[in-house]
Amino acid sequence: MTGLRLLPHVRSLTPYPPGRPISEVAREFGLDQRAVIKLASNENPHGCPPGVSGALQRQTETTALYPDFDCFSLREALSNHLDVPPDHVLPGAGSSDLIQLAARAYLGPGLKAIVPQYSVVAHAGAALSVGADVVTVPCKTWQPDLDAMVEAVDLDTRLLYLASPNNPTGAMVAVAELERFVERLPDHVLLVLDQAYDEFLPSEERPSLHRLRRLRSTLLVLRSFSKIYGLAGLRVGYGIATPPS
């Protein structure tokens with residue numbers, strides 16, 4: 001197998017350092033697990049809602065069976081909750097899965113993705129994993145420089161990743177600024193708007209999903225059950241987008 005070689009862009013990737021489990025840290029330092037508080041992964045300290053625990057227990061009888069690949073029930077529930085058509089909902093193994101899928105669908109060698117400085121590493125990592133170039137736009141006082149991001153777009157740009165609120169800095173884009181940005185981006189760029197922490201915002205600071213979708217068709221909005229719903233261990237996230245024609 002000496003002739004088998006990793007692709008150069010894969011070899012150049014830096015592995016993502018995940019937050020260590022509490023049990024591992026407790027073993028290393030001889031600590032009581034109950035005395036360890038983990039902050040590295042933004043896990044919900046309150047856990048999942050009480051009703052969810054009962055629902056999970058009822059599902060243990062079906063764990064020997066493969067799930068519905070189409071996620072029909074989840075898509076229908078999200079469709080009703082969000083008031084969007086079911087085929088506009090794309091479930092994934094956490095929003096990180098969809099970050100990667102967007103890169104695999106639209107990027108490759110010779111194409112570009114744009115990310116703001118201080119973005120979660122998964123955004124740039126997804127683009128680099130498929131051989132695309134990543135353009136990192138410096139922030140202004142920790143805030144994404146939206147004007148500079150628009151100016152960075154060229155004919156080779158296919159994706160722009162933007163998280164609001166941002167992980168790990170917590171910076172957020174005001175609703176009016178986000179709407180102007182959504183309108184200004186050229187149509188050949190897919191805006192991947194990562195809203196994994198959107199539910200933590202006051203209602204008046206949360207952008208309207210329907211208005212954003214009216215302003216832009218090439219938009220993929222990402223949401224997660226990991227954070228506000230305390231279901232990180234289940235790896236469930238979803239995207240909202242208009243299917244390509």
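# How the labels are earned in this predicted model

Mentor: Let's start with Arg235, found in the loop between strand 6 and strand 7. Helices (H or I, at least four residues) and strands (E, at least two) are DSSP runs, numbered from the N terminus. This is a predicted model, in which local features need pLDDT of at least 70 and side-chain atom pairs count only at pLDDT 80 or more, while totals for chains, interfaces and linings use all residues. Residues are numbered from 1 along each chain as its sequence is written, and side-chain values use heavy atoms, with hydrogens and water left out.

Trainee: Why is Arg235 called partly exposed?

Mentor: Its relative accessible area is 38%. Buried means under 20%, exposed over 50% and partly exposed in between (1.4 Å probe, protein chains only). The value for Arg235 falls in between, so the label is partly exposed.

Trainee: What makes the phi of Arg235 worth a remark?

Mentor: Phi is about 50°, a positive value, although Arg235 is not a glycine. Most residues other than glycine have a negative phi. Trp142 is another case, with a positive phi near 75°. Trp142 is in the loop between strand 3 (133–137) and helix 7 (146–152), and at 53% it counts as exposed.

Trainee: Which peptide bond involving Pro165 is cis?

Mentor: The bond joining Ser164 and Pro165, where omega is about -5°. The bond from Asn167 to Pro168 is also cis, with omega near 20°. Pro165 is in the loop between strand 4 (157–163) and helix 8 (175–184), and Pro168 is in the loop between strand 4 and helix 8 as well. Most peptide bonds are trans.

Trainee: How many aromatic pairs are there?

Mentor: The count comes to four. One of them is Phe225 with Tyr238, at 5.6 Å centre to centre and 50° between the planes.

Trainee: Why is the pair of Phe225 and Tyr238 called tilted?

Mentor: Rings of Phe, Tyr and Trp (its six-membered ring) pair if their centres lie within 6.5 Å; planes under 30 degrees apart are stacked, over 60 edge-to-face, and the rest tilted. The distance passes and the angle fits neither extreme, so Phe225 and Tyr238 are a tilted pair. Phe225 lies in the loop between strand 6 (219–224) and strand 7 (237–241), and Tyr238 in strand 7, 13 residues apart, so to the eye of the definition the pair links distant parts of the chain. Both residues are buried, and together with Tyr229 they form one aromatic cluster.

Trainee: How do you know that Leu222 is buried?

Mentor: Leu222, in strand 6, has 0% relative accessibility, so it counts as buried. Its contacts (heavy atoms within 4.5 Å), not counting residues up to four places away in sequence, include Leu98, Ile99, Val192 and Tyr238.

Trainee: What makes Arg20 and Glu24 a salt bridge?

Mentor: A salt bridge is a side-chain nitrogen of Lys or Arg within 4 Å of a carboxyl oxygen of Asp or Glu. The closest N and O atoms of Glu24 and Arg20 are 2.9 Å apart, so the pair qualifies. Glu28 with Arg20 qualifies too, at 2.2 Å. Another bridge joins Asp70 and Arg75, at 2.9 Å; Asp70 is partly exposed at 43%, whereas Arg75 is buried at 13%. Shared partners join Arg20, Glu24 and Glu28 into one network. The count of salt bridges comes to ten.

Trainee: How do you know that the sulfur of Cys48 has no bond to Cys71?

Mentor: A disulfide is a pair of cysteine sulfur atoms within 2.5 Å. The closest cysteine sulfur to that of Cys48 is in Cys71, 19 Å away, so it is too far for a bond. The structure holds zero disulfides.

Trainee: Which residues make the nonpolar surface patch?

Mentor: Leu6, Leu7, Val10, Leu13 and Leu128 make a patch of about 400 Å². Patches are made of residues with over 30% relative accessible area and no salt bridge, like charges being joined within 9 Å and nonpolar side chains (Val, Leu, Ile, Met, Phe, Trp, Tyr) within 5 Å; areas come from the Shrake-Rupley method with a 1.4 Å probe, and for residues only the protein chains shown count as cover. Leu6, in the segment before helix 1 (8–11), is exposed at 54%, so it clears the area limit.
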